[in-house]
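Work through the exercises below with the sequence and the model open. Each task is followed by a solution in steps.

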Amino acid sequence: MVGPGVGHVLVAAELPDIPTPRLQGTDLLIGLGIAVGAYLLGKLVSLVASKIMRARGRSRSFAAIFSTIFRWVATALGWSVALVVAFPSVNFAGILSGLGLTSLVIGIAAQSILADLFSGIMMVVREPFREGDQIEVSGIKGTIRIINLRETVVRTFAGTQVVIPNSKVHGASVRVQTGYEQRMLRVDVGVAYETDFDLVHRVLLDAVRELPQTLDDPAPAVRVSAINPKSVGIAVSAWVGSTQLDEVDALDALIPAVIGTLRQHDIEMPTDYGPITLVEAAQGST
């Protein structure tokens with residue numbers, strides 16, 4: 001007789017009874033059919049949801065993100081049903097509960113991904129900006145091409161593409177240049193102390209109003225803005241379109257018009273006149 005110990009050998013009667021899933025061809029075929037149907041249903045749900053959201057005026061990014069989420073949910077539910085049908089003897093509830101710790105570890109490892117996903121959803125829900133808006137974020141200036149679940153794609157004014165994680169955009173201060181349809185440009189120039197300021201106001205206003213790049217409403221303005229050691233500062237402001245091209249074209253016309261007008265009327269411009277300044281806060285909507 002062999003006693004318990006190192007040399008103890010389990011006989012067949014002592015082996016534990018390990019249940020194995022019963023596989024039946026009919027169940028597998030039905031489950032496979034449900035899985036394929038769920039995949040097709042998910043694509044259909046995504047397409048219909050996207051069309052409905054676009055018809056209601058939501059942005060392309062909003063429609064793309066939420067139609068993708070709807071597709072994932074519909075497909076996941078369908079595949080869950082397919083697994084239950086294909087393997088009826090498997091306790092999936094027990095398996096899922098046993099994966100709790102694994103899910104926690106995966107969640108911690110994927111924190112940055114989850115942060116990007118959450119930020120992308122929040123941005124398209126709140127819509128502080130849309131595709132086509134021109135923004136500045138973290139020193140990057142350009143036009144938004146698309147907002148995905150994980151990143152925002154920006155085409156810079158120099159023509160390069162920059163991909164920014166959504167968590168970086170959502171957590172930063174974003175200047176939306178095209179947030180309104182109009183913005184104000186301001187050019188500061190210095191004139192001599194003995195200048196006829198009524199003449200300066202009149203001739204500069206006339207010059208700015210004649211420029212096709214500036215708007216009549218709101219009207220342009222010319223004001224005394226500062227006293228410098230050798231000059232008196234004059235601020236010439238004009239409202240233009242909000243895009244980067246509008247700004248570049250307006251400055252290209254406004255600066256020569258201001259300088260040319262002052263020279264034409266023999267108004268002295270000392271060398272300490274101020275720089276060209278874009279007034280960021282001066283924006284308005286139509």
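**Exercise 1. Two residues of one strand**

Task: State in which strand Ala235 is found, whether Ala235 is buried or exposed, and which residues are in contact with Ala235.

Solution.
- Step 1. Ala235 is found in strand β8; helices (H or I, at least four residues) and strands (E, at least two) are DSSP runs, numbered from the N terminus.
- Step 2. Ala235 counts as buried because its relative accessibility is 9%. Buried means under 20% relative accessible area, exposed over 50%, and partly exposed in between, with a 1.4 Å probe and protein chains only.
- Step 3. Leaving aside neighbours within four places in sequence, Ala235 is in contact with Arg186, Val187, Asp188, Ala221, Val222, Arg223 and Ser225. Contact means heavy atoms within 4.5 Å.
- Step 4. Between Ala235 and Arg186 there are 6.5 Å in space, C-alpha to C-alpha, and the two are 49 residues apart in sequence.
- Step 5. Strand β8, residues 232-241, also holds Ser237. Ser237 has 7% relative accessibility and therefore counts as buried.
- Step 6. Not counting residues up to four places away in sequence, Ser237 touches Met184, Leu185, Arg186, Pro220, Ala221 and Arg223.

The model is predicted: local features need pLDDT of at least 70, side-chain atom pairs count only at pLDDT 80 or more, and totals for chains, interfaces and linings use all residues. Residues are numbered from 1 along each chain as its sequence is written, and side-chain values use heavy atoms, with hydrogens and water left out.

**Exercise 2. Helix α2 against helix α5**

Task: Describe how the axes of α2 and α5 cross, and list the residues that make the contact.

Solution.
- Step 1. Helix α2 spans residues 60-86 and helix α5 residues 111-126; their axes come within 9 Å and cross at roughly 130 degrees. Axes are lines fitted to C-alpha atoms, for helices over the stretch in contact, and angles run from 0 to 180 degrees between N-to-C directions.
- Step 2. That angle makes α2 oblique to α5. Angles under 35 degrees count as roughly parallel, over 145 as roughly antiparallel, 65 to 115 as roughly perpendicular and the rest as oblique.
- Step 3. The crossing of α2 past α5 is left-handed. A crossing is left-handed if the near helix is turned anticlockwise from the far one by less than a right angle, and right-handed if clockwise.
- Step 4. From α2, the contact uses Ser61, Phe62, Ile65, Phe66 and Ile69; from α5, it uses Gly120, Ile121, Val124 and Val125.
- Step 5. By class, the residues of this contact of α2 with α5 are seven nonpolar, two polar and no charged. Ala, Val, Leu, Ile, Met, Phe, Trp, Tyr, Cys and Pro count as nonpolar, Asp, Glu, Lys and Arg as charged, and the others, Gly among them, as polar.

**Exercise 3. Helix α7 against helix α8**

Task: Give the handedness of the crossing of α7 and α8, and the classes of the residues in the contact.

Solution.
- Step 1. The axes of α7 (residues 197-209) and α8 (residues 244-264) come within 10 Å, crossing at roughly 145 degrees.
- Step 2. The crossing of α7 and α8 is right-handed.
- Step 3. Val203, Leu204, Ala207 and Val208 of α7 meet Leu254, Ala257, Val258, Thr261 and Leu262 of α8.
- Step 4. The contact of α7 with α8 has eight nonpolar residues, one polar and no charged.

**Exercise 4. Backbone exceptions**

Task: Find where Ser138, Asp266 and Pro218 lie, and state the backbone feature of each.

Solution.
- Step 1. Most residues other than glycine have a negative phi, and most peptide bonds are trans.
- Step 2. Ser138 has a positive phi, near 55 degrees. Ser138 lies in the loop between β1 (134-137) and β2 (140-147), and counts as exposed at 61% relative accessibility.
- Step 3. Asp266 is not a glycine, yet its phi is positive, about 55 degrees. The loop between α8 and β9 (276-284) holds Asp266, which counts as exposed at 71% relative accessibility.
- Step 4. Asp217 and Pro218 are joined by a cis peptide bond, with omega about 0 degrees. Pro218 is in the loop between α7 and β7 (221-227).
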